[in-house]
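Colleague: I have this model open on my screen and I'd like you to walk me through one part of it slowly. Take the helices, and then show me what sits around them.

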Amino acid sequence: MATRSKEKTAARRAGADKRPQAHAKYIRISPRKVKIVLDLIRGKNYAVACGILKNTPKAASEPILKLLNKVAADAENNFHMDPEKLYVSECFVCPGMTLKRIMPRGKGSADRILKRTSHITVAVAEKE
């Protein structure tokens, strides 16, 4: 039985991160490929990061751009932040579930194909 659960919950909420952030889960791109694009925009201004993502010929740039626009709109509407002062304070990718498929090979054997997914997180903050 949990003791002092209401106090623990209140303390956890008080220490929670107050930056606006957004998550995209089960994106059907390998985390290794997503990390390359996230490294390009980490620490950049919001407008510069959008420009980089629009001109990057990688498959991961489209879902990351949608996620960045989502978190910027959230920061403007819910947190009353100025969109001109926003920058990408944190962005990372975690591996999601892996879909396991098989490909037939010679002599009745099979090879396993791993179709990887990603969980992408982007957070923004306001420059002082």
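At what angle do helix α3 and helix α4 pack, and how far apart are their axes?

Modeller: Happy to. Keep in mind that this is a predicted model, so everything here is computed from predicted coordinates.

Let's start with your pair. Helix α3 covers residues 46-54 and helix α4 covers residues 61-77. They pack at an angle of about 160°, and their axes lie 9 Å apart. Because angles over 145 degrees count as roughly antiparallel, that makes α3 roughly antiparallel to α4. As for handedness, α3 passes α4 in a left-handed crossing.

Now zoom in on the side chains. From α3, the residues in the contact are Y46, A49, C50, L53 and K54. Facing them from α4 are S61, I64, L65, L68, N69 and A72. If you sort the residues of this contact by class, you get eight nonpolar, two polar and one charged.

Next, turn to the other partner of α3, which is helix α2. α2 and α3 pack at an angle of about 145°, again with axes 9 Å apart. Here the crossing is right-handed, whereas α3 passes α4 in a left-handed one. The α2 residues in this contact are V37, L40 and I41, and they meet A49, I52 and L53 of α3. By class, that gives six nonpolar residues, with no polar and no charged ones. Try highlighting A49 and L53 on your screen: both are in the α3 list for the contact with α2, and both also turn up in the α3 list for the contact with α4.

From α2 you can step across to the sheet. The sheet is open and has three strands in the order β1-β3-β2, with antiparallel pairing. Its edge strands are β1 (21-27) and β2 (86-104), each of which pairs on one side only. From one strand to the next, the twist averages 10°. Helix α2, residues 31-41, packs on this sheet and touches β2 and β3, and its direction makes about 165° with that of β2.

Let's follow the strand pairings one by one. β2 and β3 (residues 110-126) run antiparallel and are joined by 16 bridges. A few pairs help you find your place: R101 has I113 in β3 as its bridge partner, P95 has S118, and C91 stands opposite V122. On the other side, five bridges join β1 to β3, and these two strands also run antiparallel. There, I27 has S118 as its bridge partner in β3. So S118 is a handy landmark, since the bridge partner of I27 is S118 and the bridge partner of P95 is S118 too.

While you're looking at the strands, check a few backbone angles. Most residues other than glycine have a negative phi. Y26 has a positive phi of about 60° although it is not a glycine, and you'll find Y26 in strand β1. H80 is another such residue, with a positive phi of about 55°; H80 sits in the loop between α4 and β2. Then there is the hairpin of β2 and β3, with five residues between the strands, where K107 takes a positive phi near 60°.

Finally, pull the view back to the whole chain. The protein has four helices and three strands, and along the sequence they follow the pattern α-β-α-α-α-β-β. Its radius of gyration is 19 Å, well over the 14 Å that the globule rule gives for 128 residues, so the protein is more spread out than a compact globule. Along the principal axes, the C-alpha atoms fill a box of roughly 65 × 55 × 20 Å.

Terms used. Residues are numbered from 1 along each chain as its sequence is written. This is a predicted model: local features need pLDDT of at least 70, side-chain atom pairs count only at pLDDT 80 or more; totals for chains, interfaces and linings use all residues. Side-chain values use heavy atoms; hydrogens and water are left out. Two strands pair if DSSP finds at least two bridges between them. Axes are lines fitted to C-alpha atoms, for helices over the stretch in contact, and angles run from 0 to 180 degrees between N-to-C directions. Contact means heavy atoms within 4.5 Å. Angles under 35 degrees count as roughly parallel, over 145 as roughly antiparallel, 65 to 115 as roughly perpendicular and the rest as oblique. A crossing is left-handed if the near helix is turned anticlockwise from the far one by less than a right angle, and right-handed if clockwise. Ala, Val, Leu, Ile, Met, Phe, Trp, Tyr, Cys and Pro count as nonpolar, Asp, Glu, Lys and Arg as charged, and the others, Gly among them, as polar. The radius of gyration is taken over C-alpha atoms; the globule rule is 2.2 Å times the number of residues to the power 0.38.
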